Structure formats: C-alpha cells, structure tokens
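Reader: I should like to learn how the features of a protein model are read, beginning with its surface. Please give the general idea each time and then the case at hand.

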Amino acid sequence: AETLQRMALTQVVEHSPLNSRLALQGQLLVSPAYGEKTQAYVAKLARLYRQSPDGKGYAQRLNEFLTTVETQHEIDVTLFDSRAGIDETSAAAVTQLKADVSFLFAINTSQTWDAYRLLFQHLRRNRLLFQTSSDADSGEWSLRESLHLVSALTPQEAGAYVGYFEKLQENSYDTFSEIYDEDAGSDADAFAPAPDAEDAPHSAAKVMWNDALRAFNPLEQPDLLNDSMVHAAFSDFLIEATALLGVDA
C-alpha cells in the first residue's frame with residue numbers, strides 16, 4: 001500500500017499543459033496510457049490483466065489504483081476514458097468500479113443499437129448487477145442507474161437529418177428497455193422509466209457535430225477551446241454531466 005501511495009503521488013500523473021494555457025480555475029491532472037521511460041504499453045496491460053500474487057483480480061487492483069490516486073492528489077472528479085467496445089478495461093469500468101456515472105456514447109446506426117442490445121441482454125442474465133447494493137464506503141449504487149447515454153456527433157436538424165435526435169431517442173428507449181423492469185404499476189421498487197423521462201439512462205445528452213473540431217488538437221491550437229466553440233459543441237452535454245456529477249459548471 002505504501003509503494004502504491006508513493007507511486008500515485010510521484011509517478012502516475014502530470015499536470016496538463018492546458019492548466020496554464022487556458023488559465024483554469026482548477027487543475028487538470030493526466031495519467032497517460034503508457035509511461036515516459038519504457039513506453040511498453042502492451043507489456044503493462046499484460047501484467048495488469050494477470051491475477052496478482054495475493055489473489056486480487058484486475059478490477060480490484062484497478063479500483064485500488066484509482067482510489068489511491070484520488071486520495072493522494074485530492075481529486076474532485078476522475079474521468080476514466082476507456083476505448084470503444086467491451087474489453088477488460090471498459091467492462092470493469094462500467095460494471096465493477098461503481099462509477100457515479102458511466103457515459104455510453106452512441107450515433108443513430110443499427111450497429112450501435114445492436115451492440116448495446118447484446119451487451120444489455122448479456123448483463124441481464126446476472127440480476128445482481130441490477131440490484132441496488134450498499135457498502136460502507138460508497139453507499140447505495142445501482143449499475144443500470146449509473147448508465148447515461150450521450151448522442152455523439154449529433155448533426156444539425158436540417159435536410160436528411162431532420163428528426164435525427166427524435167429517432168435516436170426512440171431507438172435508445174427501445175434498447176435500454178432490455179435493462180428496465182417490465183411493470184412499474186404493481187411494484188413501487190421497479191425501475192421502469194417512461195420514454196420521456198429526462199433523468200433516465202436512455203435520455204441522451206447531445207454532443208453536437210462541429211467541423212472545426214475534426215482535427216482537435218488543443219495543445220497546439222488552444223484557441224479552439226474558446227467559449228463559443230465549447231458552447232456550440234458541448235453545452236448540452238456539459239449541463240447534463242455537471243448535474244449528474246454534482247459539480248459546479
């Protein structure tokens with residue numbers, strides 16, 4: 001534990017260059033995917049996925065690592081970015097880290113909904129994942145209530161894209177219904193949000209498509225992160241995210 005604390009404090013994170021370039025009120029700390037010395041990314045993943053000598057699995061060790069980093073640096077909010085699709089890391093992030101919020105990104109294609117539907121059908125086989133649990137450290141937590149959809153690359157409602165977001169919401173509700181309870185009328189504890197429920201997992205926050213952000217490189221082009229650009233692309237998502245995370249916008 002002492003070694004992990006020392007490593008978390010001195011070796012794991014660095015201050016982002018954006019802190020000075022954008023004159024932020026807080027501080028951004030970044031933990032890169034691979035280290036500065038060896039850059040042995042694949043070898044590090046292989047070691048992480050193996051069970052440790054003391055019998056701890058990957059998800060447990062990942063959780064201990066994140067908790068230690070948060071404690072050592074007094075972090076208010078941790079954003080954990082896992083790659084698209086389901087691998088060991090993204091699966092652990094969604095199902096075992098007890099995250100306050102897991103944002104699931106989507107575009108309105110059949111591939112998107114087929115993939116999420118298969119995932120939800122698989123998760124539904126283990127009913128424990130959908131029961132609200134309680135422990136001394138984190139309090140009550142429910143996997144399905146932690147999920148929240150994000151409409152990625154949302155086009156402007158014009159031409160062929162008129163009705164795009166409405167259709168995405170319909171498909172989202174149909175897909176998320178796989179993890180909702182069927183009947184809320186006779187069971188007060190049932191989790192069965194209405195199609196128009198704004199705080200439900202299927203209710204999507206928007207990230208708008210913005211052509212200026214196609215080659216996004218804020219380190220070399222910090223001017224891209226101006227108020228008008230951020231508002232145009234991310235305002236709806238940021239309002240939703242800050243409310244869910246309980247932080248000031």
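Author: Accessible areas come from the Shrake-Rupley method with a 1.4 Å probe, and for residues only the protein chains shown count as cover. By that method the chain has an accessible surface of about 16500 Å², and carbon and sulfur atoms hold 51% of that area. This is a predicted model, in which local features need pLDDT of at least 70 and side-chain atom pairs count only at pLDDT 80 or more, while totals for chains, interfaces and linings use all residues. Residues are numbered from 1 along each chain as its sequence is written, and side-chain values use heavy atoms, with hydrogens and water left out.

Reader: What share of the 249 residues in the chain is made up of buried residues?

Author: A residue is buried under 20% relative accessible area, exposed over 50%, and partly exposed in between (1.4 Å probe, protein chains only). Buried residues account for 31% of the 249 residues in the chain.

Reader: How many helices and strands does the secondary structure of the chain contain?

Author: Helices (H or I, at least four residues) and strands (E, at least two) are DSSP runs, numbered from the N terminus. Here there are nine helices and seven strands. As for contacts, the term means heavy atoms within 4.5 Å. Of the contacts in the chain with a separation of 6 or more, 58% are between residues 24 or more positions apart.

Reader: How is a sheet read, and what is the order of the strands in the open sheet of three strands?

Author: Strands of a sheet pair through backbone hydrogen bonds, either parallel or antiparallel. Two strands are taken as paired if DSSP finds at least two bridges between them. The open sheet of three strands follows the order E3-E6-E7, and its pairing is parallel. Strand E3 (102-106) and strand E7 (205-208) are at the edges with a single partner strand each, so one side of each has no neighbour in the sheet. From one strand to the next, the twist averages 30°; axes are lines fitted to C-alpha atoms, for helices over the stretch in contact, and angles run from 0 to 180 degrees between N-to-C directions.

Reader: Which residues are bridge partners across E3 and E6, and how many bridges join these strands?

Author: E3 and strand E6 (residues 147-154) run parallel and are joined by five bridges. Phe 103 has His 148 in E6 as its bridge partner, and Ala 106 is opposite Ser 151 in E6. Helix H8 (residues 164-176) packs on the sheet and touches E3, E6 and E7, its direction making about 150° with that of E6. On the other pairing, E6 and E7 are parallel over three bridges, with Val 150 opposite Ala 205 in E7. Strand E6 is mostly covered, since seven of its eight residues are buried.

Reader: How many salt bridges does a search of the whole structure find?

Author: Side chains of opposite charge can pair when their charged atoms come close. The criterion for a salt bridge is a side-chain nitrogen of Lys or Arg within 4 Å of a carboxyl oxygen of Asp or Glu. The search of the whole structure finds seven. One of them joins Lys 167 and Glu 170 (3.8 Å, N to O). These two residues are three apart in helix H8, which means that about one helical turn separates them. Lys 167 is partly exposed at 42% relative accessible area, and Glu 170 is partly exposed at 42%.

Reader: Which residue forms a salt bridge with Arg 214, and which residues are joined into one network?

Author: Arg 214 pairs with Asp 211, their closest N and O atoms being 3.4 Å apart. Arg 214 is exposed, with a relative accessible area of 63%, whereas Asp 211 is partly exposed at 47%. Salt bridges with shared partners link Asp 54, Lys 56 and Glu 64 into one network. Within that network, the closest N and O atoms of Lys 56 and Asp 54 are 3.9 Å apart.

Reader: Where is Glu 74 placed, and what is the value of its phi?

Author: Most residues other than glycine have a negative phi, and most peptide bonds are trans. Glu 74, in the loop between H4 and H5, has a positive phi near 50°. Glu 74 is exposed, at 69% relative accessibility. Lys 98, in the loop between H5 and E3, likewise has a positive phi, near 55°.
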